[in-house]
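Hi,

Here is the structure I said I would pass on. Have a look at it first, and then read on for what turned up in it.

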Amino acid sequence: MKKQKLFKMSVLVYIQTLEGKATKAGLEVASFANKMNAGDVTALVAGSLSGDGELGSVGVSKVLHFSESATDNSQLSKLTHAAANSVNASTILFSGNIEGSSVAPRVAIAMNSGYVAGVTCLPEGKGFTRNVYSGKATALVNVNSEVCVISITPNSFGIKLDECESAVESFSAEIGSQRVVINGFTPTSTDGSVPLPEAERVVSAGRGLKGPENWGIVEDLASALGATTACSRPVGDMGWRPHHEHVGQTGVTIRPDLYIACGISGAIQHLAGVNQSKVIVVINTDPEAPFFKAADYGIVGDVFDVLPKITEAIKEL
């Protein structure tokens, strides 16, 4: 069945950039907006912008450029509110990453609008689908307000190329003085890899690594795969790895194409944050580890023996 436009008015999408170009998360949410509204999409960019930031490649017809480079979440919400009013937008979209999830609710309150977080697919009429109960079920949320704010779950829709001419216009708004200065948006983790919510491949490890000094074999595999590293909650709590790498119900929720779990037993809280992964590979010495029940592929073995062999095989390929 053909997808319907949500509203007859315009769609505004807030875009994060890095070095003047839209991030992967930005291109994904712009692709969603384009498919939802048949090419009638305006993007808002704050900070540096090179050309159209490559937004024309995903069907964005107009870019509003706010040249200030340092804004906090309060300012971004005011900026987005002003931009939405300027184009008479009835739907405002954000990526459901850390920044988008912080700014979107503020915009919804300011505009007295409906708000749906974590949307995973194109709407049917005014109904949006989102995951609930840690991904065990889906809910269809109908929006009855004139204006709607939504955030898109990272990696749920993908980037859909749809080349068009994208006009860039300067945009200004009164957003008040800064309280927290952000020197641009940095979507890379400490090792320079893709941030966890956007990563297509993730190599994660738990207490089975026995200590932070052994993390080299995890990083070697991640490097060979072009993957991002992650960890279980106990590892983050013990200070073996930084807390931003913690995936699970109380950490970052991810949905990569490939998730490799090394020395992680697979408690339900951990599974809640990774069970939307397309392919799960589990490596553990305990054949009764709960994670094997959720795995697409399982290896019963010692990570210290298995990981170097997998890494070497990948390098040979």
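Before the first finding, one term: a cavity here is a set of grid points where a 1.4 Å probe fits but cannot get out, and a residue lines it if it has an atom within 4 Å of a point. Also bear in mind that this is a predicted model.

So, the cavity. There is 1 of 30 Å³ or more in the structure, and the largest one has a volume of about 50 Å³. Its lining is made up of Y14, I15, Q16, A25, G26, V29, F94, S95, N97, E99 and G100. By type, that gives 5 nonpolar, 5 polar and 1 charged. At least two lining residues each come from β1, α1, β6 (89-95) and α3, with α1 giving the largest share, 3 residues.

Some of those names come back in the core. The largest nonpolar core has 28 residues, and I15, F32, L55, L93 and I150 have the most contacts inside it. β1 (10-15), α1 (24-37), β4 (41-46), β7 and β10 (148-152) each put in at least two residues, and here too α1 has the largest share, with 6 residues. If you want one residue to click on, try I15: leaving out residues up to four places away in sequence, I15 touches A22, G26, V29, A30, A43, L44, V45 and L55. There is also a second, separate core of 23 residues, with L64, L79, A89 and M111 among them.

Next, the open space. The largest pocket holds about 570 Å³. It is lined by 29 residues, and the closest to its centre are G96, G118, T153, T253 and I254. The elements that give two or more residues to this lining are α3 (98-110), β7 (114-119), β8 (127-132) and α6 (268-274). The pocket lining divides into 10 nonpolar, 17 polar and 2 charged residues.

β8 is worth following a bit further. It pairs with β9 in the antiparallel sense, over 6 bridges; for instance, R130 has A139 in β9 as its bridge partner. The hairpin has 4 residues between the two strands, and Y133 takes a positive phi near 50° there.

And how many of the 6 residues in β9 (residues 137-142) are buried? The count is 0, so to speak a bare strand: β9 is hardly covered.

Happy to talk it through once you've had a look.

Cheers

How values were computed
Residues are numbered from 1 along each chain as its sequence is written. This is a predicted model: local features need pLDDT of at least 70, side-chain atom pairs count only at pLDDT 80 or more; totals for chains, interfaces and linings use all residues. Side-chain values use heavy atoms; hydrogens and water are left out. On a 1 Å grid over the protein atoms alone, a cavity is a set of points where a 1.4 Å probe fits but cannot get out, and a pocket is an open set with protein on both sides within 12 Å along at least five of seven lines; lining residues have an atom within 4 Å of a point. Grid points are joined across faces, edges and corners, and a volume is the space filled by probe spheres set on the points. Ala, Val, Leu, Ile, Met, Phe, Trp, Tyr, Cys and Pro count as nonpolar, Asp, Glu, Lys and Arg as charged, and the others, Gly among them, as polar. A nonpolar core is a set of buried Ala, Val, Leu, Ile, Met, Phe, Trp, Tyr and Cys residues joined through side-chain atoms within 4.5 Å. Buried means under 20% relative accessible area, exposed over 50%, partly exposed in between (1.4 Å probe, protein chains only). Contact means heavy atoms within 4.5 Å. Two strands pair if DSSP finds at least two bridges between them.
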